[in-house]
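Visitor: Please pick a single part of this model and go through it closely. After that, set out what else can be said about the chain around it.

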Amino acid sequence: MTTDSLSETDSTCLINIENDQSYPSVVISQDDAFSDTLLQAILRARDAFGRNVTRSVDFRIDQLKKLRKCIDENYEEFVGALKADFRKPRMESVITEIEYVKNDIQYQLDHIHEYVKPQHVQKGLANFFDDAYVHYDPYGVVLIFSAWNYPVQVLLCPLVGAIAAGNCALIKPSEVASNTEKLFAKLLPQYLDQDCYHVITGGPEEATRMLQERFDLVFFTGSPVVGKIVYNAAAKFMTPVILELGGKSPVYIDESVGSQMTVAVKRILWGKLVNAGQTCIAPDYVLCSPDVQDKFIKAAKEVIADFYKTDPKLSESFARIINVKNFDRINSLLSKTTGKVVIGGETDRDECYVAPTVVAGVSSSDSLMREEIFGPILPIVTVDSADEAIAYVNRGEKPLTMYIFSNKKDVVDRFLARTSSGSTCINDTLMQACVHALPFGGVGNSGIGSYHGQFSFAAFSHSKAVLAKDYNPVLEFLAAARYPPYTESNTNRLKLLIAKSPLDNLNMRKTLSYAFTFGLGLATMLAGVFIYNKYV
Ligand code: NAD
């Protein structure tokens with residue numbers, strides 16, 4: 001049984017997927033207890049949304065503050081869960097997860113009154129005296145799936161957007177970061193409204209069962225492979241999706257960085273080695289000339305020694321691979337490379353440890369270039385020019401981020417104009433994600449849609465177009481030309497009314513307010529002159 005009649009008899013959502021070899025086939029959870037929990041949660045959330053609970057901006061603000069309270073009162077538990085999941089260093093947990101979410105909450109709190117306001121738009125002559133605006137509607141009950149690599153950030157930031165925009169939500173943390181998953185399941189119901197927000201735990205089977213239900217939006221963070229499954233399942237109900245996916249984000253570096261090579265390498269390696277390379281926007285590989293490759297490797301040896309001292313394995317500043325399955329995948333990519341390991345290369349399966357590793361002279365067909373590495377290994381592919389690098393990038397899928405390290409404006413401009421990526425960061429890595437006002441998202445294989453800041457509110461809102469008219473008889477007379485019987489003269493009158501005119505660019509409210517202020521100023525001046533002439 002499902003909550004939607006459409007899904008009662010239709011279990012075809014996986015059929016197309018199973019026919020495509022690139023999709024892993026997953027059994028749908030047959031667990032009745034799970035189905036009961038799921039359906040209860042959906043019905044409660046739908047009921048709450050139907051009662052307009054989340055339409056109140058005060059309610060949204062209250063829930064955002066409660067979410068922040070949840071984080072503040074359990075700060076160390078979050079740090080502990082992240083450490084237990086993948087020995088995430090405290091600094092990374094604080095900066096890239098916990099404080100990141102708190103800042104996101106504050107951003108929404110600071111702007112929510114501005115975001116919810118209807119947005120008035122320009123109009124043509126035909127609607128000059130009407131009110132035309134965009135009204136932001138919450139979608140309803142949304143489903144949020146998150147990935148394991150930043151389990152706090154990529155679950156809570158979408159939730160912050162969903163709450164700010166006035167939705168109810170079912171949220172499924174990743175089962176892979178199991179300590180953090182358990183913490184969410186325990187804590188969130190203690191702080192958030194229990195009708196509107198529900199944590200549902202489970203893995204692929206449960207996720208597949210969830211996708212059989214109708215939601216008003218699905219927000220998914222994860223791999224492109226599973227992203228396609230989600231997209232397919234959502235298509236059955238024409239449900240809008242936001243897909244935050246991954247891929248291979250390239251770095252191009254040229255000789256113009258000159259004496260700044262060490263700083264550039266520091267920024268690239270930090271972006272690669274944070275969270276042991278398990279970052280969706282981590283630099284995946286480097287493109288540079290053979291000469292720059294030599295300078296890069298020399299600097300990289302010093303930088304890694306500086307970051308982690310004698311042995312990265314003993315450093316408290318370096319995380320572990322999340323589990324043996326991912327360790328084996330990364331280890332296999334490394335063991336099959338035909339490139340030359342010039343830094344690192346050590347691995348330890350018992351500890352899920354992969355050393356910070358740089359591999360030089362990697363070819364495009366190398367194992368390391370076939371899939372997103374998602375680990376602390378940086379391959380270098382040599383190219384002879386920026387144009388060759390651009391062609392190389394364009395032969396692959398559109399990346400989540402393109403990193404350009406160059407002091408040449410024309411090189412930067414060429415990459416910007418000729419490559420397509422979710423974001424581009426020039427002379428640094430990862431920091432683009434810290435600018436809350438910038439959209440965060442991919443393009444093509446790296447994702448659909450974006451969020452963060454105002455874009456989070458927009459991602460979880462439907463922009464409803466509204467035109468409001470009254471019954472003014474003069475305007476009705478002018479527009480009556482649209483009614484049958486159609487005549488040539490009426491057609492000509494209408495053509496004039498709908499034609500683009502300079503007046504279209506006038507903002508009626510602003511124009512009237514300027515005209516009023518000007519008129520008031522003029523009247524005051526004339527009154528002054530009159531009083532002066534008469535009485536002085
Ligand atoms: P994943 O695709 O394996 O899992 C993501 C979510 O989907 C999890 O909640 C999981 O339970 C669920 N899931 C797994 N199999 C499923 C199935 N068959 N049907 C339905 N749901 C299923 O991804 P992951 O391994 O957790 O994360 C790594 C990937 O996520 C990388 O590609 C990384 O680049 C990407 N990522 C992207 C962003 C971003 O913001 N763009 C952020 C973090 C991670």
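**Helix H7 and its setting**

Guide: Buried residues in H7 are Gln153, Val154, Leu155, Leu156, Cys157, Pro158, Leu159, Val160, Gly161, Ala162, Ile163 and Ala164. The model is a predicted one. As a count, 12 of the 12 residues of H7 are buried, so the helix is mostly covered, where buried means under 20% relative accessible area. The length of the helix can be checked against its residue count: H7 runs over residues 153-164, and at 1.5 Å a residue its 12 residues should span 16 Å. The C-alpha atoms at its two ends are 16 Å apart, which agrees with that expectation. Just after H7 comes Gly166, with a positive phi of about 90°.

One residue of H7, Cys157, also enters the cysteine geometry. Its sulfur is the closest cysteine sulfur to that of Cys70, but the two are 14 Å apart, too far for a bond. Cys70 is itself buried, with a relative accessible area of 1%. A second cysteine to consider is Cys434, whose closest cysteine sulfur is in Cys425, at 9.5 Å, again too far for a bond. Cys434 counts as partly exposed, at 41% relative accessibility. The structure as a whole holds 0 disulfides.

Now the surroundings. The protein has 536 residues, of which 50% count as buried. Its secondary structure comes to 19 helices and 18 strands. The C-alpha trace spans about 90 × 65 × 55 Å along its principal axes. The domain assignment gives domain 1 as 3-17 + 53-245 + 455-463, domain 2 as 250-441, domain 3 as 472-501 and domain 4 as 505-536. Taken over C-alpha atoms, the centres of domain 2 and domain 3 are 62 Å apart.

The salt bridges come next, with a count of 28. One of them pairs Arg51 with Asp195, the closest N and O atoms being 3.6 Å apart. This pair links distant parts of the chain, 144 residues apart: Arg51 is in the loop between helix H3 (32-50) and helix H4 (57-73), and Asp195 is in the loop between helix H8 (178-191) and strand E5 (197-199). Arg51 is partly exposed at 45% relative accessibility, and Asp195 is partly exposed at 25%. The contact belongs to a network of salt bridges that links Arg44, Asp47, Arg51 and Asp195.

Another salt bridge joins Asp137 and Arg55, with 3.2 Å between the closest N and O atoms. Asp137 lies in strand E2 (residues 131-138) and Arg55 in the loop between H3 and H4, so this pair ties together parts 82 residues apart in sequence. Asp137 counts as buried, at 10% relative accessibility, whereas Arg55 counts as partly exposed, at 36%. In the salt bridge of Lys88 with Glu97, the closest N and O atoms are 2.9 Å apart. Lys88 and Glu97 are both buried.

Several loops carry backbone details. Ala276, in the loop between H11 and strand E9 (283-288), has a positive phi near 50° although the residue is not glycine. Ala276 is buried, at 1% relative accessibility. Leu430 also has a positive phi in a residue other than glycine, near 65°. Leu430 sits in the loop between strand E16 (423-426) and strand E17 (447-448), and at 9% relative accessibility Leu430 counts as buried. Pro484 and Pro485 are joined by a cis peptide bond, with omega about 0°. Pro485 is placed in the loop between helix H17 (473-479) and helix H18 (488-498).

Gly258 is in the loop between strand E8 (249-253) and helix H11 (261-273). Gly258 is partly exposed, with a relative accessible area of 40%. The C-alpha atom of Gly258 is 9.7 Å from that of Lys295, a residue 37 positions apart from Gly258 along the chain.

The last item is on the surface. Phe518, Leu522, Met525, Leu526 and Val529 make a nonpolar surface patch of about 510 Å². Of these residues, Leu526 is located in helix H19 (residues 508-535). To return to the part chosen at the start, 12 of the 12 residues of H7 are buried.

Note on methods: Residues numbered from 1 in each chain as written. Predicted model: local features only at pLDDT ≥ 70, side-chain atom pairs only at ≥ 80, totals over all residues. Heavy atoms only, no water. Patch = residues over 30% accessible without salt bridge, like charges linked within 9 Å, V, L, I, M, F, W, Y side chains within 5 Å. Areas by Shrake-Rupley, 256 points an atom, 1.4 Å probe, with all protein chains shown as cover. Salt bridge = Lys/Arg side-chain N within 4 Å of Asp/Glu carboxyl O. Helix = DSSP H or I, 4+ residues; strand = E, 2+ residues; numbered from the N terminus. Expected span 1.5 Å × (residues − 1). Buried < 20%, exposed > 50% of the residue type's maximum accessible area, 1.4 Å probe, protein only. Domains from an automatic or database assignment. Disulfide = S-S within 2.5 Å.
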